[in-house]
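The following exercises concern charged and nonpolar side chains in a protein chain. Please work through each task with the structure at hand before reading the solution.

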Amino acid sequence: QVQLVQSGGGLVRAGESLRLSCVASGGIFRANVMGWYRLAPGKERELVAQITTGGTTTYADSVKGRFTISRDNAENTVTLQMNSLKPEDTAFYYCKADGAGRYDRYLEVWGQGTLVTVSS
């Protein structure tokens, strides 16, 4: 089955940077929209950023100007560069992709999640 494997995350201080990566593997998959979500204690899941095949990006207001999403269509990868991190960015981050799998079946695939902790 297709799966998304994440890397990155960790503990940083406010103002520092982290880079998250995510790659689809394990099956036939042509990603359409790829993105990053986060979930923090006491909060609902939030769309952080997403990017289309053509490179159109969308960001949550809270991360605009600080985070940058990018992708490699050929490799079905997506990255999230997080600069000027704030304590409120602390959360589990999940990558997500949707697109066409085997037999052009629609698939929505989630990564395993990684913890980003930003201390003040």
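How many salt bridges does the structure hold? The structure, which is a predicted model, holds six salt bridges. The exercises below examine some of them, and then turn to other side chains.

**Exercise 1.** Determine which parts of the chain are tied together by the salt bridge between Arg30 and Asp104.

*Solution.*
Step 1. The closest N and O atoms of Arg30 and Asp104 are 3.7 Å apart, and the cut-off for a salt bridge is 4 Å.
Step 2. Arg30 belongs to strand E4, whereas Asp104 sits in the loop between strand E9 (91-100) and strand E10 (106-110), so the bridge ties together parts that are 74 residues apart in sequence.
Step 3. Arg30 has a relative accessibility of 54% and counts as exposed; Asp104, at 58%, is exposed as well.

**Exercise 2.** Trace the salt bridges formed by Asp89 with Arg38 and with Arg66, and state whether these residues are buried or exposed.

*Solution.*
Step 1. Between Arg38 and Asp89, the closest N and O atoms are 3.0 Å apart. Arg38 lies in strand E4 and Asp89 in the loop between strand E8 (77-82) and E9, so this pair joins parts 51 residues apart in sequence.
Step 2. Arg66 also meets Asp89 in a salt bridge, at 2.7 Å from N to O. This pair links distant parts of the chain, with Arg66 in the loop between strand E6 (57-59) and E7 and Asp89 in the loop between E8 and E9, 23 residues apart.
Step 3. Arg38 and Asp89 are buried, and Arg66 is buried too.
Step 4. A network of salt bridges links Arg38, Glu46, Arg66 and Asp89.

**Exercise 3.** Identify the backbone oxygen atoms that the side chain of Arg71 reaches.

*Solution.*
Step 1. Arg71 is part of strand E7 (residues 67-72).
Step 2. Arg71 is buried but has no salt bridge; Asp72, the nearest side chain of opposite charge, is 7.7 Å away.
Step 3. The Arg71 side chain reaches the backbone oxygen of Ala31 at 3.5 Å, and one of its polar atoms lies 2.5 Å from the backbone oxygen of Asn32.
Step 4. Beyond its neighbours within four places in sequence, Arg71 is in contact with several residues, including Val33, Met34, Ile51 and Val78.

**Exercise 4.** Name the residues that form a nonpolar surface patch with Leu39.

*Solution.*
Step 1. Leu39 is located in strand E4 (residues 30-39) and is partly exposed, at 35% relative accessible area.
Step 2. Phe92 and Leu115 complete the patch, and the three residues together have about 240 Å² of accessible area.

How values were computed:
Residues numbered from 1 in each chain as written. Predicted model: local features only at pLDDT ≥ 70, side-chain atom pairs only at ≥ 80, totals over all residues. Heavy atoms only, no water. Helix = DSSP H or I, 4+ residues; strand = E, 2+ residues; numbered from the N terminus. Buried < 20%, exposed > 50% of the residue type's maximum accessible area, 1.4 Å probe, protein only. Lys, Arg positive; Asp, Glu negative; His and termini not counted. Polar contact = N/O pair within 3.5 Å; in protein donor to acceptor, adjacent residues only side chain to side chain. Contact = heavy atoms within 4.5 Å. Patch = residues over 30% accessible without salt bridge, like charges linked within 9 Å, V, L, I, M, F, W, Y side chains within 5 Å. Areas by Shrake-Rupley, 256 points an atom, 1.4 Å probe, with all protein chains shown as cover.
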